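Please open the model in your viewer and keep the selection panel at hand. The tour proceeds by selections, each followed by a description of what is found there.

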Amino acid sequence: MQNEIKDKTLLQLKEVYLFKQMDHRFRCTVTITKVVLDQGWYYPACKSYKTRVRFDGLTYKCPSYGCLTSEDRYKIPLMENDDTYELEFILFGETAQQLIGRPVTRLQALYDKHDIPTEISSLVGQKYTFIVKISSRKSAQNEDPSFEVLKIICQMGKQICMPTFRKKQLATSSELSVLSSKSPTSSTSKNLAPLIPIKSKQGFKEEKEITEIELMDIDQTQLDIDNKLSLGKRPHQSTTHMETILHQSDNDDTKTREHMRNTNKRTRQ
């Protein structure tokens, strides 16, 4: 049913569809974390329709209905947090006055429009249960929706510990599903070629230098082995050759002595 009030967290309110749920009402329990008064804390409003009036050079006039009577009215934007998300809530007129406890004219006598009255800044840390609806005009201009507070259900007092949620911490279910859909399945990953690490130019340079050094070491080692083998072989060859020469020389001497003995024998005869 359209008039049914639904309990929502701020994270759930963030997903409210602007144009389909403009008339829906939601109940939420939140803590005020910040006062956002970039445009002051009141505005000139049409007495009959509560819309902002414009100054036409002579008087304030309602641009929608042409009303000429106006009054200053509360408009207090507050950041609210419930540990699931953080959204902007706006309080107008009598609802804001109920929260502050003083009429707008009383605060106007004490503070400038762009000052933050103590009665408003002291709301930070207070916890409330609100009935809210989506603020269509404000929501259409921002990434996150804004909500107008229609009714204050319960005040729970000043909180010792403030909610710790920050928007950067959030990964919504839709974002997670997108990431999940983009990641390869186990069956797909089996068919993929193995990943090859990409090395920087510096890495290639260092690897090349290491390879060249290793090759130089291998060549030097091989050269040392060859030299040792060569040095070990040459003495052996040289010794064998000398023994052969000496042996031949001994044979020649023996033959020479034998020839001389035979010659002497023939001479004696």
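**Stop 1: Helix 2**

Begin by selecting T95, which lies in helix 2, residues 93-100. Please note that the model is a predicted one. Is T95 buried or exposed? T95 has a relative accessibility of 14%, under the 20% limit, and therefore counts as buried. Now display its surroundings: apart from neighbours within four places in sequence, T95 is in contact with V149, L150 and I152.

Extend the selection to the whole helix. The buried residues of helix 2 are G93, T95, A96, L99 and I100. Looking down the helix axis, one sees these buried residues within an arc of 165°, so they line one face of helix 2. E94 and Q98 are exposed on the other side of the helix. Which elements do the buried residues of helix 2 pack against? They pack against strand 6, strand 7, helix 3, helix 4 (118-121), strand 8 and strand 9. Finally, select G101, which follows helix 2 and has a positive phi, near 95°.

**Stop 2: The nonpolar core**

In soluble globular proteins, nonpolar side chains tend to be buried together. The largest nonpolar core of this model comprises 34 residues, and L13, F89, V132 and F147 have the most contacts inside it. At least two residues of this core come from each of helix 1 (10-14), strand 2 (25-35), strand 6, strand 7, helix 2, helix 3 (104-108), strand 8 (126-134) and strand 9 (146-158). Strand 2 supplies the largest share of the core, with 5 residues.

Select F147 next. Not counting residues up to four places away in sequence, F147 touches L13, V16, F26, L87, E88, F89, I90, V132, K133, I134 and S135.

**Stop 3: The largest pocket**

Turn now to the pocket, and display its surface if the viewer allows. The largest pocket has a volume of about 990 Å³. It is lined by 30 residues, of which K75, F92, S135, R137 and K138 are the closest to its centre. Two or more lining residues are given by each of strand 3, strand 6, strand 7, strand 8 and helix 5 (136-141). Helix 5 gives the most to the lining, with 4 residues. How many of the lining residues are nonpolar, polar and charged? The lining divides into 10 nonpolar, 7 polar and 13 charged residues.

Select K75, whose place is in strand 6, residues 70-81. Leaving aside neighbours within four places in sequence, K75 is in contact with Q39, G40, W41, Y42, Y43, R52, I90, L91 and F92. For a distance back to helix 2, add Q97 to the selection: its C-alpha atom is separated by 9.8 Å from that of K75, with the two residues 22 apart along the chain.

**Stop 4: Two loops**

Most residues other than glycine have a negative phi. Select K50, in the loop between strand 3 (42-46) and strand 4 (54-55). K50 is not a glycine, yet its phi is positive, at about 65°. Its relative accessibility of 29% lies between the limits of 20% and 50%, so K50 counts as partly exposed.

The last selection is D83, in the loop between strand 6 and strand 7 (86-92). D83 likewise has a positive phi, of about 75°, although it is not a glycine.

Conventions: Residues numbered from 1 in each chain as written. Predicted model: local features only at pLDDT ≥ 70, side-chain atom pairs only at ≥ 80, totals over all residues. Heavy atoms only, no water. Buried < 20%, exposed > 50% of the residue type's maximum accessible area, 1.4 Å probe, protein only. Contact = heavy atoms within 4.5 Å. Core = buried A, V, L, I, M, F, W, Y, C linked by side-chain atoms within 4.5 Å. 1 Å grid on protein atoms, 1.4 Å probe; cavity = no way out; pocket = protein on both sides within 12 Å on 5 of 7 lines; lining within 4 Å. Points joined across faces, edges and corners; volume = space filled by probe spheres on them. Nonpolar A, V, L, I, M, F, W, Y, C, P; charged D, E, K, R; others polar. Arc of directions from axis to C-beta.
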